[in-house]
Amino acid sequence: MNLILLGPPGAGKGTQAQRLEESEGLVQLSTGDMLRAAVASGSEIGRIAKPIMEAGNLVPDDVMVTMIEQRIDRSDCANGFILDGFPRTVAQAESLDDMLRRTGRRLDAVIEMAVDDGILIERISGRFACADCGAGYHRRFRPTAVEGVCDRCGGTEFRQRPDDNEETVKTRLAAYHAQTEPLLPYYREQGILRSVDAMAGIDDVAARMREAVGAARA
Ligand code: AMP
């Protein structure tokens, strides 16, 4: 089963992709995580992407398409994948369609995670992650069980994404509305778009996501 999670920054795509990864046995492919790893490693792609990401804009389509093409071809994606953060433009979606067609695969569902802009700033500005294992938390909605200690690995160092600040979030939201939202009619026309209300708590949204995946499987 091959899925796309579509939604604005802060909709919970990464959190829900991780849940589906466990419950459905799929691989999460987060282009944001791939780019952050490229920036950390100081690679050519990282050097191109860093200032663009810090400003909240989109990295050029050709860079993203090459990156996802190489990743999707790896053997761990054979059972299915969840794309989190890709495609973000119609040109990326068209390239993805071509890529899948060439390799005899297809998309089973595109799940829109619908959230009002008003709550996104609070969701995003409270996010932090373990510096050791990358486990994601939120000051209010998903704190660590013991303050200052990672639930998963026991690490005590945490970090915030440099682009998770109010000013950059506004640019990221504008990019979503202008460049990514046109994907909704694009996939609606293909008959594979499903919409989930993602305003509720993490567990409720996870249940709705599993329902949507189940309906797509049927
Ligand atoms: P994310 O972690 O998905 O919020 O992505 C963080 C940043 O990485 C975005 O604000 C963009 O600058 C960049 N990025 C991630 N995925 C894409 C994509 N598919 N196309 C263009 N830029 C992307």
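Trainee: Which residues does Phe 128 touch, not counting residues up to four places away in sequence?
Mentor: This is a predicted model. Start with the strand: Phe 128 is found in strand 5, residues 127–130. Then leave out residues up to four places away in sequence. What Phe 128 touches is Ala 135, Gly 136, Tyr 137, His 138, Arg 139, Thr 144, Phe 158 and Arg 159.

Trainee: How far apart in space are Phe 128 and Arg 159, C-alpha to C-alpha?
Mentor: Arg 159 is one of the residues that Phe 128 touches. In sequence the two are 31 residues apart. In space, C-alpha to C-alpha, the figure is 5.6 Å.

Trainee: Is Phe 128 buried or exposed?
Mentor: Use the relative accessible area, which is 18% for Phe 128. Buried means under 20%. The value falls under that cut-off, so Phe 128 is buried.

Trainee: What is the relative accessible area of Ile 111?
Mentor: Ile 111 lies in strand 4, residues 109–114. Five of the six residues of that strand are buried, so strand 4 is largely enclosed by the rest of the structure. Ile 111 is buried too, and its relative accessible area is 0%.

Trainee: Which residues is Ile 111 in contact with, leaving aside its neighbours within four places in sequence?
Mentor: Look first at strand 1, residues 3–6. Strand 1 pairs with strand 4 in the parallel sense. Ile 4, Leu 5 and Leu 6 are among the contacts of Ile 111. The full list is Ile 4, Leu 5, Leu 6, Arg 194, Val 196, Met 209, Ala 212 and Val 213.

Trainee: How many bridges join strand 4 and strand 8?
Mentor: Strand 8 covers residues 193–197. One place to look is Ala 114, which stands opposite Asp 197 in strand 8. The two strands pair in the parallel sense, and the bridges number five.

Trainee: What is the bridge partner of Leu 3 in strand 4?
Mentor: Strand 1 and strand 4 pair in the parallel sense over four bridges. For Leu 3, the partner in strand 4 is Ala 109.

Trainee: Which residue in strand 3 does Ile 4 stand opposite?
Mentor: Strand 1 also pairs with strand 3, in the parallel sense, over three bridges. Strand 3 runs over residues 81–84. Opposite Ile 4 stands Leu 83.

Trainee: Which residue in strand 3 is the bridge partner of Val 27?
Mentor: Strand 2, residues 27–30, pairs with strand 3 in the parallel sense over four bridges. The partner of Val 27 there is Phe 81.

Trainee: Which residues point one way from strand 3, and which the other way?
Mentor: Phe 81, Ile 82, Leu 83 and Asp 84 are all buried. Phe 81 and Leu 83 point one way. The other way point Ile 82 and Asp 84.

Trainee: What radius of gyration does the protein chain have?
Mentor: The chain has 218 residues, and a compact globule of that length would come near 17 Å. The C-alpha atoms fill a box of roughly 45 × 40 × 35 Å along the principal axes. The chain agrees with the globule value, at 17 Å.

Trainee: How many helices and strands does the protein chain have?
Mentor: Strands 1, 2 and 3 have come up in the pairings. Strand 8 has appeared as well. The totals for the chain are nine helices and eight strands.

Methods: Residues are numbered from 1 along each chain as its sequence is written. This is a predicted model: local features need pLDDT of at least 70, side-chain atom pairs count only at pLDDT 80 or more; totals for chains, interfaces and linings use all residues. Side-chain values use heavy atoms; hydrogens and water are left out. Buried means under 20% relative accessible area, exposed over 50%, partly exposed in between (1.4 Å probe, protein chains only). Two strands pair if DSSP finds at least two bridges between them. The radius of gyration is taken over C-alpha atoms; the globule rule is 2.2 Å times the number of residues to the power 0.38. Contact means heavy atoms within 4.5 Å.
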